[in-house]
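Biologist: I would like a close look at a single part of this model, the chain that is written second, and at how that part relates to its partner. Please take me through the picture in one connected account.

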Amino acid sequence: MGKKKLVNYSKYGYLFAIPFILTFLVFTLYPICYTLILGFTNQEGAIPPKLKFLKDPLENFKYLFKKRSSGSMSFFLESLITTARIWIINFIPQLTLALLLSAWFTDNRVKVRGQGFFKVVFYLPNIITAATIAILFKQLFGYPQGPINDLLKNLHLIKKAYNFALSKTATRAIIEFIQCWQWYGSTMITLIAAVIGINPEIFEAAEIDGATRWRKFWSITLPSVRPIMLFTLVTSLIGGLSMFDIPQLFATGGPDRASTTIAIYIYNTAMKKPYKYNRAAAASILLFIIIVTCSSLLFYFMRDKDAAKMKKLKKQEIKRAKLAQKGA
Amino acid sequence: MATNDEVMLSKKPEKIGTSRKRDSIIFKTVIYVVCTILAVLSLWPFICMMVNSTRSSIQIMSNAVSLIPGKSLMKNINILKDLKTFDAMTGLKNSFIISASVTVLTVYFSSLTAYAIYAYDWKLKNAFFALIMGIMMLPGTVTMIGFYRTCYQLHLTDNKLILILPAIAAPMTVFFMKQYLEGALSMEIVESARIDGASEFRTFNTIVLPIMKPAMATQAIFSFVGSWNSFFLPLILFNKQKNYTMPLMVSLLNGDIYKTEFGCVYLGLTVTALPLIIIYLLLSKYIVSGIALGSVKG
């Protein structure tokens with residue numbers, strides 16, 4: 001052709017992505033694969049035997065679902081239900097509260113003063129180390145002496161100190177409260193940004209039509225923030241499924257396994273005697289499958305339909321341009 | 001507008017105007033009452049913690065709820081030092097080394113990776129980006145067993161680098177950075193740098209990075225806090241107490257020797273929470289706006 005060759009920049013794309021790719025391969029992909037393999041092997045005990053696949057490759061998985069000798073459900077399923085329960089009971093009030101507050105803070109008729117202060121204060125618990133919060137609450141709910149017991153006694157709500165740590169329901173309720181308390185501020189701020197993004201003209205039009213506050217919330221705000229709500233839902237679900245710090249440090253998974261989440265189950269199985277790495281790996285794989293299913297659902301619902309259309313149009317345009325060039 | 005409203009109001013029967021006003025006052029009162037209750041709920045545990053850290057264990061035993069600070073702060077500090085289990089200085093030092101390195105690596109390499117996706121056309125680019133989206137949400141719990149066994153076999157447990165190096169690949173940050181680049185960087189700037197003869201790597205460091213500063217600041221805050229607060233990974237990877245990060249140090253306060261030393265436990269908690277509270281109050285403007293930025297784009 002005789003033309004001067006253009007500089008090919010694409011190699012820099014590979015070059016700049018290499019650190020990420022290498023780190024990803026070593027610290028994420030390899031551990032995932034290794035975990036996957038371990039789930040089918042005989043690796044257990046403080047000094048595990050030579051790595052061998054089990055005769056029945058699904059033995060570890062079967063164990064996870066096998067009923068206990070007492071006839072009650074397996075520890076794994078029990079922890080799965082506990083996790084789901086703690087998450088749901090924390091998430092419903094969390095989302096309700098966040099929605100309510102975001103509707104209040106964005107109301108164009110009633111300007112709430114001190115919004116900045118409230119936002120900062122509501123988000124505060126989220127920034128503090130979960131480990132610190134768990135132990136702080138353990139102190140607050142202390143027995144026989146503790147701030148909550150003293151407070152309830154001073155208010156004459158109870159006569160004798162109550163031992164929260166012995167009650168399954170109370171322990172779970174406190175963990176659910178902590179989760180909700182730590183996260184509603186974050187959810188609220190996300191939702192406020194979404195509500196602000198709604199075209200104000202829609203609200204104005206509704207007001208001219210005489211829509212009530214409730215009607216505006218129900219018919220405009222809620223449908224508009226649905227994608228963001230879904231995003232919050234799934235990120236919260238994934239965070240909830242791997243909940244560890246608070247139930248572990250607040251109640252060490254107790255009393256009587258009432259707050260043993262999947263993460264605590266995996267941790268106890270692998271890191272405590274008799275060190276069943278294979279069984280813990282199998283549980284991790286199941287958790288992984290649950291999480292991947294949830295994430296893909298998220299991306300299915302959240303996919304940007306407009307962007308996909310634009311991409312298609314762009315491709316067609318490029319094709320047309322190429323054809324035109326050939327013609328010329 | 002105001003005069004218009006007044007005309008409208010004067011024309012309407014007075015009842016509607018007053019009932020609307022009353023409605024608005026009730027509405028406002030409800031909002032302030034609920035918000036005040038929530039604010040008290042958010043603050044009270046921390047105030048209680050700080051006040052009790054200045055009171056002696058005997059005072060706390062007789063009445064644990066007080067808003068008046070006591071005089072036993074020095075005594076509690078000495079007890080905490082004497083018991084020698086909870087070592088705040090070591091915890092702070094380790095946490096700071098790890099979190100600062102993690103932040104630098106995450107922010108720099110995520111920007112670089114995002115730029116690689118944004119600015120260049122390469123064959124596997126789309127597959128690579130899809131992969132990043134796919135693993136973005138993966139929690140450490142899932143890979144923990146394989147990660148721990150590998151580190152154990154390679155004798156890498158109790159090595160700070162094992163918590164620092166993985167920060168180079170932070171999918172969530174890459175995703176955020178790429179979103180930011182799409183809005184902030186036009187390729188014309190890059191082209192003109194090329195014409196001036198700057199190398200690609202130099203262009204990134206001297207032209208692209210300064211443009212990304214606002215996004216880098218937000219991501220730096222979140223990755224620092226995330227790393228500082230992380231408990232699960234250090235728990236399984238660190239056995240020696242000299243390597244303990246702050247959350248691991250805190251977990252020691254659950255130990256039996258602190259069972260009756262209430263003032264001392266509250267003090268330990270305060271020591272771990274106070275730096276975060278102060279940093280948060282100083283940076284709250286950026287943090288609060290950053291949360292919204294990060295999520296709405298997702």
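Modeller: In this predicted model, the centres of domain 1 and domain 2 of chain B, taken over C-alpha atoms, lie 40 Å apart; the domain assignment places domain 1 at residues 2-72 and domain 2 at residues 87-252 of that chain. The secondary structure of chain B consists of 15 helices and zero strands, and its C-alpha trace spans about 80 × 70 × 35 Å along the principal axes. The radius of gyration of chain B is 26 Å, whereas a compact globule of 298 residues would have one near 19 Å. Of the 298 residues in chain B, 39% are buried, and among its contacts with a separation of 6 or more, 76% join residues that are 24 or more positions apart.

Within chain B, Tyr118(B) offers a local view, for this residue is found in helix α5, which covers residues 88-119. Tyr118(B) counts as buried because 20 other C-beta atoms lie within 10 Å, and 20 or more is the cut-off for that class. Not counting residues up to four places away in sequence, Tyr118(B) touches Lys178(B), Leu181(B) and Glu182(B), while the C-alpha atom of Lys285(B), a residue 167 positions away along the chain, is separated from that of Tyr118(B) by 29 Å.

Turning to the partner, the contact between the chains takes 72 residues from chain B and 76 residues from chain A. On the side of chain A that touches chain B, the largest share, 18 residues, comes from α1(A), and the residues of that side divide into 54 nonpolar, 18 polar and four charged. Helix α1 of chain A, residues 10-38, has a kink of about 45° at Ile18(A), shortly before the proline Pro19(A); the buried residues of α1(A) include Tyr12(A), Phe16(A), Phe20(A), Phe24(A) and Leu38(A).

The largest nonpolar core has 146 residues, and those with the most contacts inside it include Ala134(A), Phe137(A), Ile266(A) and Leu269(B). Helix α7 of chain A, residues 168-196, gives the most to this core, with 14 residues, and the core also draws at least three residues from each of domain 1 and domain 2 of chain B. One of its well-connected members, Ile266(A), is in contact with Ala280(A), Ala283(A) and Ser284(A), and also with Thr141(B) and Met144(B), once neighbours within four places in sequence are left aside.

Key. Residues are numbered from 1 along each chain as its sequence is written. Chains are lettered from A and ligands numbered from 1 in the order in which they are written. This is a predicted model: local features need pLDDT of at least 70, side-chain atom pairs count only at pLDDT 80 or more; totals for chains, interfaces and linings use all residues. Domain bounds come from an automatic or database domain assignment. The bend at a residue is the angle between axes fitted to the seven residues ending there and the seven starting there. Helices (H or I, at least four residues) and strands (E, at least two) are DSSP runs, numbered from the N terminus. A residue is buried if 20 or more other C-beta atoms lie within 10 Å of its own, exposed if 12 or fewer, and partly exposed in between; C-beta atoms are placed from the backbone. Two residues are in contact if their C-beta atoms, placed from the backbone, lie within 7 Å. Ala, Val, Leu, Ile, Met, Phe, Trp, Tyr, Cys and Pro count as nonpolar, Asp, Glu, Lys and Arg as charged, and the others, Gly among them, as polar. A nonpolar core is a set of buried Ala, Val, Leu, Ile, Met, Phe, Trp, Tyr and Cys residues joined through C-beta atoms within 7 Å. The radius of gyration is taken over C-alpha atoms; the globule rule is 2.2 Å times the number of residues to the power 0.38.
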